[in-house]
Amino acid sequence: MSEERWSYLTDMDGVLIHEDHLVPGADEFLAELKANGAGFLVLTNNSIYTPRDLRARLLRTGLDVPESAIWTSALATAKFLHDQRPGGSAYVIGEAGLTTALHEIGYVLTDTDPDYVVLGETRTYSFTAITRAIRLIEGGARFIATNPDPTGPSREGVLPATGSIAALIERATGRSPYYVGKPNPLMMRSALRALGTHTEHTLMIGDRMDTDVHSGIEAGLKTILVLSGISTAESADRYPFRPTLIIDSIADLVGRTKDPFGSA
């Protein structure tokens with residue numbers, strides 16, 4: 001059995017919660033990580049909410065996750081822009097999770113000659129705002145998107161998400177966005193830095209082959225696919241890459257977090 005202490009990166013929706021309900025065993029899993037002193041971050045490509053918002057959402061399901069243990073594509077995007085062009089400016093299509101993250105790194109949000117157009121998630125995409133973004137990109141603004149997810153879930157069914165709106169803007173401008181969130185390994189590397197850990201001692205848990213497992217592999221992490229969300233065992237088998245481990249749900253890791261790849 002390995003003596004190394006594992007650190008965990010875990011997706012949120014489909015792994016810990018599902019449509020605002022606790023995935024059975026998620027509370028025991030997080031309690032075990034805390035008891036063992038294992039570092040962990042909860043990751044999400046959704047840029048709508050701030051870590052404070054997400055903490056409150058998780059608390060309502062019965063999961064106590066500190067703000068410092070939540071890493072969003074909005075935070076990763078802000079970190080990327082701060083590294084690229086400190087003190088810059090951006091025209092933002094998005095909600096509080098994204099605008100707050102950019103304000104906190106000292107960015108000016110403007111629709112006049114910005115350095116970047118930054119596209120994130122919102123439930124109220126505005127045709128006027130999209131048109132403004134297109135014209136600013138045509139005028140020389142660099143195009144950034146928080147994540148490539150084409151759709152997002154809702155109680156009524158799927159909603160168009162950042163990737164779909166980015167495709168519209170790309171078609172209109174001929175300019176491709178730079179996507180920061182999963183499956184870009186940049187999201188994972190920024191999470192690793194935030195956690196203060198290294199790839200050889202960190203694993204990624206997710207419910208999607210195309211984002212979670214893909215980005216984990218690209219970043220050099222061991223990966224675990226849970227079948228409680230999007231991907232199924234059958235759909236996972238169609239990809240040219242494989243996760244290190246496939247389990248039914250996060251509950252299967254309870255009692256095994258010190259040695260997740262050993263015998264149960």
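Visitor: Before anything else, what counts as a polar contact here?

Guide: A polar contact is a pair of N or O atoms within 3.5 Å; within protein, one of them must be able to donate a hydrogen and the other to accept it. Keep in mind that this is a predicted model.

Visitor: Okay, so which side chain does the side chain of Thr-202 make a polar contact with?

Guide: That would be the side chain of Thr-197, at 3.2 Å. The Thr-202 side chain also reaches the backbone oxygen of His-198, at 2.6 Å.

Visitor: Where is Thr-202 found, and is it buried or exposed?

Guide: Thr-202 is in strand S13, which covers residues 202-206. Its relative accessibility is 0%, so Thr-202 counts as buried.

Visitor: What is Thr-202 in contact with, leaving aside its neighbours within four places in sequence?

Guide: Trp-6, Ser-7, Leu-9, Leu-192, Thr-197, Leu-221 and Lys-222. As for Leu-192, it sits 10 residues from Thr-202 along the chain, and the two C-alpha atoms are separated by 8.3 Å.

Visitor: Let's zoom out. How many helices and strands does the chain have?

Guide: Nine helices and 15 strands. The radius of gyration is 18 Å, close to the 18 Å that the globule rule gives for 264 residues, so the chain is as compact as a globular protein of that length. Along its principal axes, the C-alpha trace spans about 60 × 35 × 35 Å.

Visitor: And what share of the residues is buried?

Guide: Buried residues make up 51% of the 264. On the contact side, take those with a separation of 6 or more: 67% of them are between residues 24 or more positions apart.

Visitor: What about the surface and the charges?

Guide: The chain exposes about 12,100 Å², with carbon and sulfur atoms supplying 50% of that. There are 24 positive and 33 negative side chains, and the centres of the two sets lie 4 Å apart.

Visitor: Back to S13. Which helix has buried residues that pack against S13?

Guide: H8 does; its buried residues also pack against strand S1 (7-11), helix H7 (185-195), strand S14 (222-226) and helix H9 (233-236).

Visitor: Which residues of H8 are the buried ones?

Guide: H8 runs over residues 209-218, and the buried ones are Met-209, Thr-211, Asp-212, Val-213, Ser-215 and Gly-216. After H8 comes Gly-220, with a positive phi near 85°.

Visitor: Which residue has a positive phi although it is not a glycine?

Guide: Asp-113, with a phi of about 50°. Asp-113 lies in the loop between strand S7 (108-109) and S8.

Visitor: Why does Asp-113 count as exposed?

Guide: Because its relative accessible area is 65%, and exposed means over 50%.

Visitor: What about S8, the strand on the other side of that loop?

Guide: S8 covers residues 116-119, and Val-118 is found there. Val-118 is buried, with a relative accessible area of 0%. Not counting residues up to four places away in sequence, Val-118 touches Thr-77, Leu-81, Ala-90, Tyr-91, Val-92, Ile-93, Leu-98 and Ile-144. Val-118 and Ala-141 are 23 residues apart in sequence, with their C-alpha atoms 9.6 Å apart.

Visitor: Where's the cis peptide bond?

Guide: From Lys-182 to Pro-183, with omega near 10°. Pro-183 is in the loop between strand S12 (178-179) and H7.

Visitor: Switching to Arg-57: where is its place, and is it buried or exposed?

Guide: Arg-57 is in helix H2, residues 51-61. Its relative accessibility is 16%, so Arg-57 counts as buried, the cut-off being under 20%. Beyond residues up to four places away in sequence, Arg-57 touches Met-12, Asp-13, Ile-17 and Asp-20.

Visitor: Last ones: Gly-163 and Ser-249?

Guide: Gly-163 is in helix H6 (residues 162-173) and, at 10% relative accessibility, counts as buried. Leaving aside neighbours within four places in sequence, Gly-163 is in contact with Asn-147, Pro-148, Asp-149, Pro-150 and Tyr-179. Ser-249 lies in the segment after strand S15 (245-247) and counts as buried at 15% relative accessibility. With neighbours within four places in sequence left aside, Ser-249 is in contact with Pro-24, Val-226 and Ser-228.

Key
Residues are numbered from 1 along each chain as its sequence is written. This is a predicted model: local features need pLDDT of at least 70, side-chain atom pairs count only at pLDDT 80 or more; totals for chains, interfaces and linings use all residues. Side-chain values use heavy atoms; hydrogens and water are left out. Helices (H or I, at least four residues) and strands (E, at least two) are DSSP runs, numbered from the N terminus. The radius of gyration is taken over C-alpha atoms; the globule rule is 2.2 Å times the number of residues to the power 0.38. Buried means under 20% relative accessible area, exposed over 50%, partly exposed in between (1.4 Å probe, protein chains only). Contact means heavy atoms within 4.5 Å. Accessible areas come from the Shrake-Rupley method with a 1.4 Å probe; for residues, only the protein chains shown count as cover. Lys and Arg count as positive and Asp and Glu as negative; His and the chain ends are not counted. The place of a charge is taken as NZ of Lys, CZ of Arg, CG of Asp or CD of Glu.
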